[in-house]
Every structure is written in structure tokens, then in C-alpha cells.
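Okay, thanks for coming, everyone. I'd like to spend a few minutes on charged side chains and where they sit. Have a look at this one with me.

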Amino acid sequence: MQQINILWVDDEIDLLKPHIIFLENKNYKITSCNNGYEAIEMVALKPFDIVLLDENMPGLSGLETLSEIKSINPNLPVIMITKSEEEFLMDDAIGYKIADYLIKPVNPNQILLSLKKILDHSRLVTEKTTSNYQQAFRQISMDLAGVNSFDDWNALYQKLIRWELELESIDDSGLTEILESQKKEANSQFFKFISKNYAKWFHDKDAPTLSPNVFKKCVAPLLKAQEPTLLIVVDNMRYDQWRIFEPLIQNYYRVVDECAYCSILPTATQYARNAFFSGLMPLEMERKFPEYWKNDPEEVGKNLYEKEFLASQLKRLGLQIPFEYYKITNLQKGKELLSNFATTKQNILTVVVYNFVDMISHARTEMDMIKELTADDKAYRSLTLSWFKNSTLLELIQKAQQNKLKLVITTDHGTVNVKNPSKVIGDKNISSNLRYKTGRSLTYNQKEVFAVTNPEEIYLPSIHMSSSYIFAKEDYFFAYPNNFNHFVNYYKNTFQHGGISLEEMIIPCIVLDPK
């Protein structure tokens with residue numbers, strides 16, 4: 001193991017000889033000096049891994065020495081050691097981005113712990129994470145053999161997400177590949193579960209919460225209590241993306257309720273988000289609101305009437321409340337909403353749909369640069385987190401907190417990175433989505449799809465009397481035999497939605513209180 005070079009600066013350094021011997025026996029190399037001027041010279045001339053710095057020294061104080069050290073090497077970790085517990089000293093030291101702060105008298109083990117925390121953190125985290133995942137792997141495998149309900153699947157999916165995020169912090173491609181194989185097996189079993197049970201849920205009182213019931217279950221109770229609420233629907237947001245947004249949001253809000261619901265099929269905006277706002281299944285929307293519902297082949301916008309659908313649901317729920325609906329599709333619209341946010345104070349409900357995550361997904365398909373930036377799920381999360389940190393959405397959440405609004409964050413469906421093509425043939429009116437198809441005379445590989453020949457069975461409209469639906473499993477996507485190779489190369493490793501996967505169907509709905 002390579003020796004760690006430590007500079008220890010203390011005007012009573014001779015009294016610390018036992019501490020130095022202790023650390024040297026632990027394979028640390030100690031260089032010492034007794035004043036700040038000498039310390040600054042040493043840092044300028046010689047590379048050190050870390051500095052132990054006394055705060056109370058004659059001549060140049062510890063804080064003044066710290067400032068000079070940081071001007072020479074901003075990334076050099078410094079542990080401040082002081083007799084004083086005065087808060088302003090701690091604040092100043094933290095302001096200079098010290099690595100740790102110890103109060104005298106310190107014992108050797110206390111210093112050793114601080115050194116390990118700072119210098120060996122990555123190695124220790126890797127070793128512990130590896131050990132913990134090896135244990136979790138066996139548990140996940142056992143869980144996978146026994147899942148038999150949507151709640152079980154949600155619990156398993158949360159474990160997979162947790163480990164996916166944990167393994168990002170360590171550099172071990174082998175473990176990541178093992179987890180990916182577990183996710184693949186989980187999605188294979190989840191597809192079988194959905195194929196077997198989905199149609200039954202429309203006649204089962206114990207069915208999971210589906211898209212049409214989310215508003216009634218999670219949002220309506222707040223409105224009935226006349227609590228002013230901001231409802232944010234982030235289009236195409238996966239559960240793992242929520243997990244990386246969550247720590248930032250918790251600076252302003254605390255989670256009071258988190259539930260996972262199941263997106264309806266197809267897991268596409270036209271179906272799932274309209275179902276969320278209307279409180280109806282697509283077949284019911286088509287029958288009750290033919291002027292609003294648009295089928296796949298129609299060359300018009302499919303989500304132009306979300307506000308009208310929401311108004312009809314509020315009326316059915318007996319909620320005669322003032323509300324407004326906004327759809328944010330670009331930065332300018334986001335800024336306009338922020339500048340006019342004060343006008344929403346009279347609302348009991350303010351609804352904001354953010355399309356950015358969905359736009360990233362589509363841009364990844366169409367732009368080579370975005371493909372490079374989002375080469376896999378980890379990179380996809382990183383890009384969406386970078387957007388969120390600098391977005392008008394985060395600013396909107398801050399304004400909502402200042403106005404003491406309740407906050408509900410959810411989405412309509414997720415998205416999955418598609419890798420395997422599945423050949424499909426149909427007439428010229430077949431729908432264009434890559435993860436589901438509807439139309440007449442569909443020819444497909446039965447092992448790679450969930451086929452529904454009677455759409456009314458799952459409350460979907462039929463374009464024609466003989467129309468059926470097929471939904472791609474796992475990470476498959478549909479491709480036509482004509483120009484097959486070009487089509488496959490273009491869409492492979494892009495993020496798509498509409499089919500059956502954990503990522504697309506298990507959806508977060510979070511209720512939060514302002515801090």
C-alpha cells in the first residue's frame with residue numbers, strides 16, 4: 001500500500017510525538033512544522049496528501065494559514081484542529097472547505113478515523129458496498145422467485161434501484177453487469193406477471209392503483225381539505241430519476257406519503273397521461289368525450305385537452321375549486337410561469353406538466369450528441385439531474401415552498417433503454433410507437449409480445465373492428481422487415497416507452513409538505 005504523506009502543523013508539535021509514532025506505525029509518513037509560514041512554504045514545494053493544521057498558533061493563525069494553503073492547492077484536504085469550540089471559527093473553517101474539524105485534546109484513534117474517512121473513503125465504501133451487494137444478490141434472487149403481487153414487484157424494483165444507485169459510487173463494472181443481469185431477469189418475470197394479471201385488474205377490488213385512479217386517491221383528499229396544492233407531472237420520469245431528484249427537493253419539502261402506482265397500457269403519454277387527468281380509461285374517454293379523444297392514426301395532437309379532462313374529473317369528484325393548468329415545453333414558458341407565479345395564489349390547485357425528461361428521451365433518439373451524453377441508464381440519470389439542478393422546475397418548487405403550498409410530484413409513465421428488435425408487419429395504418437402497436441392484420445413473434453385481440457377487455461379503443469394491440473416485453477422494440485438493419489441501428493440503445501417493463505410501469509406519486 002502506498003504511503004500517505006501528511007503535513008502536521010502545530011506550534012506544540014514536540015508534544016505530539018506519541019501521536020506521530022502511532023500514525024507512522026499505521027504506514028502514514030508525517031512531516032511536521034511548528035508555524036504557518038513554514039507550512040505554506042512546504043505546501044508550495046512538496047506534494048502532500050493531507051494537512052493537519054492547528055488553529056491557535058502565534059504569528060500566522062491557523063485560519064490565515066488555511067487561506068494561503070488553499071490558494072496554493074485548492075484541492076488539498078485540511079483537517080483543522082483547535083482548542084476552541086467557538087462557532088464563528090467553525091464557520092470560517094468550513095467556509096474554506098476544510099475536510100474535517102477536530103477539538104483538542106484529540107487522541108490518535110480520533111485522528112486515524114478522520115484520515116480514513118477522508119483518504120480511504122472510496123476504498124472503504126467500495127469494499128463495504130461490494131460485500132453488502134453480494135448478500136443482497138442472494139436475497140433479490142430469492143425474492144424474484146416468490147413475487148406474486150404488484151406490491152411485491154414494487155418492493156423488488158425499489159431494491160434494484162437502490163443497488164443501481166449504490167453501485168454507481170464504486171468502480172466495479174463486474175458488479176454492475178451482475179445487477180444488470182438481475183434487472184433483465186426481473187423484467188422477464190414482470191412481463192409474465194403483467195401478461196397473466198393485467199386484464200383481471202379491471203374486475204378486482206384488490207388491484208393496484210392504475211393511472212385513472214391516482215388523482216382521486218392521492219390529490220383529491222388534499223383538495224377536499226381546501227389545502228392549496230401544486231401538482232407537478234414530469235412527463236416520462238422514471239422512479240430512479242425521482243430518487244436522484246429527491247435529495248434536492250428535500251431541502252424545501254419533506255415527504256409525507258409515497259406510493260407507487262401502475263401505469264396503464266400502453267405506457268405512452270396519449271393513453272397514460274390522459275387517463276391520469278380524466279380519471280378514465282381510454283375506452284371510456286373515447287365514448288364520453290369523443291371531441292377530446294384522438295386515436296393513434298389521427299394526425300393531430302393527442303394531449304391537447306388535458307385541462308378539459310381534469311375539469312371533468314374535478315366535477316365528478318364534487319370539487320368546485322379554482323384551478324389552473326400549465327404545460328411547460330421550453331425554458332421561456334418556464335420563466336413566464338415563474339414570473340407570474342404570484343397570480344396562482346387564489347388557486348386551490350395549480351397543475352404544471354413538465355415535458356423536459358420526455359424531450360431528452362426523444363432527443364437522444366434523434367441527436368448523436370445526446371446519444372453520447374446518455375449512453376446508458378447511469379448517464380441518462382446524470383443528464384436529467386444536471387437539468388433539474390438548473391431548471392425552472394426547481395425554482396418553481398422553491399417558490400411553492402415559500403408560499404406554503406402542498407406539493408404532489410408524479411409522472412405518467414417511465415421509459416426503457418431498448419436493445420432487441422422484434423419484427424412486426426401490419427397495414428399502412430398501424431401505429432408508429434416502437435414499444436406498442438395497434439392496427440389490423442398484425443404479424444409478430446408471439447414470444448416477444450403481450451397480445452390483446454379484444455382491446456375492450458383492457459378498456460382500450462379499437463381503430464377498426466378487427467384491431468388488436470401488441471406490447472413489447474423487456475427491452476424489445478418493434479421494427480419493420482423493410483429496411484430492417486437501418487431501422488434497428490437507428491433506434492437500438494434509445495429510450496422508448498409504450499411497452500411492458502418495470503421502468504415504464506412502476507410509477508412514483510409523492511405527496512410533500514413545505515419545510
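Before I point at anything, a quick definition: I'm calling it a salt bridge when a side-chain nitrogen of Lys or Arg is within 4 Å of a carboxyl oxygen of Asp or Glu. And keep in mind that this is a predicted model.

With that cut-off, take Glu474 and Lys473: their side chains form a salt bridge, N to O at 3.7 Å. Are these two buried or exposed? Glu474 is buried, at 9% relative accessibility, and Lys473 is buried as well, with a relative accessible area of 16%.

How many salt bridges does the structure hold? There are 26. The general idea is familiar: side chains of opposite charge can pair when their charged atoms come close.

Here's another, between Lys159 and Asp143, where the closest N and O atoms are 2.5 Å apart. Lys159 sits in helix α7, residues 150-167, and Asp143 in helix α6, residues 121-146, so this pair ties together parts that are 16 residues apart in sequence. Lys159 is partly exposed, by the way, with a relative accessible area of 33%.

Now Lys406 and Glu227, whose side chains meet in a salt bridge at 3.9 Å, N to O. This pair links distant parts of the chain, 179 residues apart: Lys406 is in strand β10 (residues 406-410), while Glu227 is in the loop between α9 (211-224) and β6 (229-234). Lys406 is buried, with a relative accessible area of 12%, whereas Glu227 is partly exposed at 28%.

Some of these residues don't stop at pairs. There's a network of salt bridges that links Glu164, Glu168, Lys183, Arg238, Asp240, Asp377, Arg381 and Glu503.

Then there's a positive surface patch, made by Lys216, Lys224, Lys288 and Arg316. Arg316 belongs to helix α13, residues 306-316, and is partly exposed, with a relative accessible area of 43%.

Last stop, helix α18, residues 392-402. Its buried residues are Thr392, Leu393, Leu394, Leu396, Ile397, Ala400 and Gln401. For anyone rusty on helices, an α-helix has 3.6 residues a turn, so residues three or four places apart point the same way. What caps the N-terminal end of α18? That's Ser391, with a side-chain oxygen 3.3 Å from the backbone nitrogen of Leu393. And just after α18, Lys404 takes a positive phi of about 60°.

That's my tour, thanks.

Notes
Residues numbered from 1 in each chain as written. Predicted model: local features only at pLDDT ≥ 70, side-chain atom pairs only at ≥ 80, totals over all residues. Heavy atoms only, no water. Patch = residues over 30% accessible without salt bridge, like charges linked within 9 Å, V, L, I, M, F, W, Y side chains within 5 Å. Areas by Shrake-Rupley, 256 points an atom, 1.4 Å probe, with all protein chains shown as cover. Lys, Arg positive; Asp, Glu negative; His and termini not counted. Charge placed at Lys NZ, Arg CZ, Asp CG, Glu CD. Helix = DSSP H or I, 4+ residues; strand = E, 2+ residues; numbered from the N terminus. Buried < 20%, exposed > 50% of the residue type's maximum accessible area, 1.4 Å probe, protein only. Polar contact = N/O pair within 3.5 Å; in protein donor to acceptor, adjacent residues only side chain to side chain.
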